[in-house]
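Colleague: I am new to this entry and would like to learn how to read it feature by feature. Could you take me through it slowly?

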Amino acid sequence: MENKKSFIFNKLWDIYISQNPDVHKVYTLLTKEGENVTNDHIAYRTFNDPRINVDKISQAFISAGYKFVQEYHFEEKKLFAKHFEHKTDKNAPRVFISELKLEEFSDELQKIIGAEIDKILTNLLNSEDIIFAGNAWGKPSFVTYNKLREESEYAAWVYVFGFCANHFTVNINALKKYNTIQKLNSFLKEKGFMVNNAGGEVKGSPEELLEQSSIMSGKIKLEFTDGKHEVPSCFYEFAKRYTDSTGKLFSGFIAKSANKIFESTNFYKKD
Ligand code: NI
């Protein structure tokens, strides 16, 4: 099981950095500063269709030794999420998986997404390898991407990128020089990265026992059925955790903060 866990995270990391040059740049910069970069959590995005919902995507992690810990509701973004932790390895990254509640969207959106899910091969739907599948329904259309964005940036993102780590998260507690979220954000901005400013650069507070920030997803040029277009891909997140009054390190998530972190993949115009 230990091997399975390492295999999963190594593979997800390789896919993630190969598709997100900005993330690799940040990782390399921190490593060059002598920092030991460890991973607080990864996040997945999906739809609540029973064929690919949170329970389905979490299977691979459950069989690698993970267990369900907590659930979260995001009314405004029409999302539901669960977080999972490894049963024995306290240093293993947490896994946060969210799903879009399709029935709360227009018939048109439901029809588009339903038709894409229908295209996924049955073998893949029945396999834990679905977590590595990325876009499992074939080349997306840019017109459809933009149509989905009118209702949900999240839906548009999943439509293009599918099943992959939407982000990894640097564990600030393990950093030496950049051991506060403010120091880390300044460093990233100095290096030219765009810090997600939705709801302020720092989400959460020491009182809430969790502070988070993220860089906006780098744009990558992708081939759509209707031409090549640049769209925001995945992002890198940063998290600092605090201990509660009993001395226990907070291990959950704050829905209010995560709500704003979701916006790191929103489409944006380049300056
Ligand atoms: Ni996150």
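Colleague: Leaving aside its neighbours within four places in sequence, which residues is Y236 in contact with?

Modeller: Please keep in mind that this is a predicted model. Leaving aside the neighbours within four places in sequence, Y236 is in contact with W13, Y16, V23, V26, Y27, V37, F168, T169, V170, S213, S214 and I215. Y236 itself has its place in strand β10.

Colleague: Is Y236 buried or exposed?

Modeller: The term rests on a cut-off, since a residue counts as buried when its relative accessible area is under 20%. Y236 has a relative accessible area of 2%, so Y236 is buried. As for a residue outside that contact list, the C-alpha atoms of Y236 and N48 are separated by 25 Å, with their positions 188 residues apart along the chain.

Colleague: How should I read the sheet, and what is the order of its strands?

Modeller: Strands of a sheet pair through backbone hydrogen bonds, either parallel or antiparallel. Here, an open sheet of eight strands follows the order β2-β3-β4-β1-β5-β10-β7-β6, and its pairing is mixed. The edges are taken by β2 and β6 (203-205), each of which has a single partner strand, so one side of each is left without a neighbour in the sheet. From one strand to the next, the twist averages 25 degrees.

Colleague: How many bridges join strand β2 to strand β3, and in which sense do they run?

Modeller: Strand β2 (residues 66-74) and strand β3 (residues 79-86) run antiparallel and are joined by eight bridges, with K67 standing opposite E85 in β3. The two strands form a hairpin with four residues between them, and K78 in the turn has a positive phi of about 60 degrees.

Colleague: Which strand pairs with β10 over five bridges?

Modeller: That is strand β7 (residues 210-214), which pairs with β10 in the antiparallel sense, and S213 has F238 in β10 as its bridge partner. Helix α2 (residues 21-32) packs on the sheet, where it touches β5 and β10, and its direction makes about 45 degrees with that of β10. Helix α3 (residues 54-62) also packs on the sheet, touching β1 (39-47), β2, β3 and β4 (94-100), and its direction makes about 160 degrees with that of β4.

Colleague: At what angle do helix α4 and helix α6 pack?

Modeller: An angle over 145 degrees counts as roughly antiparallel, whereas one between 115 and 145 degrees counts as oblique. Helix α4 (residues 107-118) and helix α6 (residues 142-151) pack at about 135 degrees, with their axes 10 Å apart, and they are therefore oblique to each other. The crossing in which α4 passes α6 is left-handed, and in it E108, L109, I112 and I113 of α4 meet T144, K147, L148 and E151 of α6.

Colleague: How do the axes of α6 and helix α7 cross?

Modeller: The axes of α6 and helix α7 (residues 153-161) cross at roughly 150 degrees and come within 6 Å, so these two helices are roughly antiparallel to each other. Among the residues making the contact are Y145 and R149 of α6 and A156 and Y159 of α7.

Colleague: Which residues are the protein donors of the nickel ion?

Modeller: The protein donors are H41 (NE2), H167 (NE2) and E237 (OE), lying 2.1 Å from the nickel ion, and along the chain they follow the spacing H-x125-H-x69-E. H167 lies in strand β5 (residues 167-171) and E237 in strand β10 (residues 235-241), so the pair ties together parts that are 70 residues apart in sequence. Both H167 and E237 are buried.

Technical notes
Residues numbered from 1 in each chain as written. Predicted model: local features only at pLDDT ≥ 70, side-chain atom pairs only at ≥ 80, totals over all residues. Heavy atoms only, no water. Donors = N, O, S within 2.8 Å, 3.2 Å for Na, K, Ca; no water. Buried < 20%, exposed > 50% of the residue type's maximum accessible area, 1.4 Å probe, protein only. Pairing = 2+ DSSP bridges. Axes fitted to C-alpha atoms, helices over the stretch in contact; angles between N-to-C directions. Parallel < 35°, antiparallel > 145°, perpendicular 65-115°, else oblique. Left-handed = near helix turned anticlockwise from the far one by under 90°. Contact = heavy atoms within 4.5 Å.
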